[in-house]
Amino acid sequence: MDTRPRTVEFNEDAAVGEANCCRIGDAVDFGRNVFEQLGIGVAHSSLEGRLTNVNPKFCDLLGYSRREALTLGIRELTHPDDIGASIEARRRLLAGTVWHYEREARFIRKDGHELWMRIVTSLVRPANGAAMHFTSLVQ
């Protein structure tokens with residue numbers, strides 16, 4: 001075993017980067033915790049309308065497990081009389097004519113019952129401006 005004293009160089013830039021890394025990790029954990037514990041339903045959906053992530057409250061409202069919900073899309077969850085308005089609103093988001101939309105719509109629960117909910121949907125775009133996914137808040 002080598003017992004010679006070692007010289008450790010301290011690189012201030014590296015230390016700052018490490019501190020930022022920890023803060024970014026904390027921010028990711030914070031965001032995940034908010035998503036999971038929020039008292040309103042949150043759903044992320046692909047540009048084609050398939051659910052890609054849902055929080056527990058969303059599942060509770062509609063009666064699905066997370067695994068079941070992630071096999072569905074907005075067409076299966078939205079009442080047939082309301083789906084046209086939802087698709088049109090998403091088209092406007094993709095076209096950039098609106099930043100978000102808010103409306104009341106009927107959803108179909110797993111047990112077949114209709115549930116009126118308030119929905120607010122936005123299109124998430126990263127810094128390059130490309131459409132990434134939709135995020136909807138429901139209650």
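Biologist: By class, how many charged residues does the lining of the largest pocket have?

Modeller: Keep in mind that this is a predicted model. The largest pocket holds about 160 Å³ of space, and 13 residues line it. Sorted by class, that lining has five nonpolar and two polar residues, and the charged ones number six.

Biologist: Which element gives the most to the lining of the largest pocket?

Modeller: Close to the centre, the nearest lining residues are Leu47, Glu48, Gly49, Ile74 and Ile87. Two helices, H4 (74-77) and H5, each supply at least two residues of the lining. The top contributor, with four residues, is H5.

Biologist: OK, let's step back to the whole chain. In what order do the elements of the protein chain run from the N terminus on?

Modeller: There are five helices and five strands to place in the protein chain. Starting from the N terminus, the run is α-β-β-α-α-α-α-β-β-β.

Biologist: And what is the order of the five strands in the open sheet?

Modeller: Look for the edges, where a strand pairs on one side only: those are E2 (51-54) and E3 (100-108). The pairing in this open sheet is antiparallel, and the twist from one strand to the next averages 30°. Reading across, the order is E2-E1-E5-E4-E3.

Biologist: Which residue in E4 is the bridge partner of Phe107?

Modeller: Strand E4 covers residues 114-124 and runs antiparallel to E3, with nine bridges joining the two. Follow E3 to Phe107, and across from it in E4 the bridge partner is Leu115.

Biologist: What angle does the direction of helix H5 make with that of E3?

Modeller: Helix H5 spans residues 83-95 and packs on the sheet. Its contacts there are with E1 (41-45), E3, E4 and E5 (133-138). Against the direction of E3, the direction of H5 makes an angle of about 155°.

Biologist: Now for the closed spaces. What volume does the largest cavity have?

Modeller: Here's the general idea: rolling a probe the size of a water molecule over the atoms shows where empty space is left. Searching the whole structure turns up one cavity of 30 Å³ or more. The volume of the largest cavity is about 140 Å³.

Biologist: Which element supplies the largest share of the lining of the largest cavity?

Modeller: The lining has 18 residues, and the closest to the cavity's centre are Ile74, Arg90, Phe107, Ile119 and Ser136. Elements giving two or more residues to it are E1, H4, H5, E3, E4 and E5. With four residues, the largest share comes from E3.

Biologist: How many nonpolar residues does the lining of the largest cavity have?

Modeller: Splitting the cavity lining by class gives two charged and six polar residues. The nonpolar count is 10.

Biologist: What about His113: buried or exposed?

Modeller: You'll find His113 in the loop between E3 and E4. Its relative accessible area is 51%, and the cut-off for that class is over 50%, so His113 counts as exposed.

Biologist: Which residues does His113 touch, not counting those up to four places away in sequence?

Modeller: Leu62 sits 51 residues away from His113 along the chain, and the C-alpha atoms of the two are separated by 9.2 Å. Leaving out residues up to four places away in sequence, His113 touches Phe107 and Ile108.

Biologist: Last one: what percentage of the residues of the protein chain count as buried?

Modeller: The cut-off for buried is under 20% relative accessible area. Applied to the 139 residues of the protein chain, the buried share is 31%.

Technical notes. Residues are numbered from 1 along each chain as its sequence is written. This is a predicted model: local features need pLDDT of at least 70, side-chain atom pairs count only at pLDDT 80 or more; totals for chains, interfaces and linings use all residues. Side-chain values use heavy atoms; hydrogens and water are left out. Two strands pair if DSSP finds at least two bridges between them. Axes are lines fitted to C-alpha atoms, for helices over the stretch in contact, and angles run from 0 to 180 degrees between N-to-C directions. Contact means heavy atoms within 4.5 Å. On a 1 Å grid over the protein atoms alone, a cavity is a set of points where a 1.4 Å probe fits but cannot get out, and a pocket is an open set with protein on both sides within 12 Å along at least five of seven lines; lining residues have an atom within 4 Å of a point. Grid points are joined across faces, edges and corners, and a volume is the space filled by probe spheres set on the points. Ala, Val, Leu, Ile, Met, Phe, Trp, Tyr, Cys and Pro count as nonpolar, Asp, Glu, Lys and Arg as charged, and the others, Gly among them, as polar. Buried means under 20% relative accessible area, exposed over 50%, partly exposed in between (1.4 Å probe, protein chains only).
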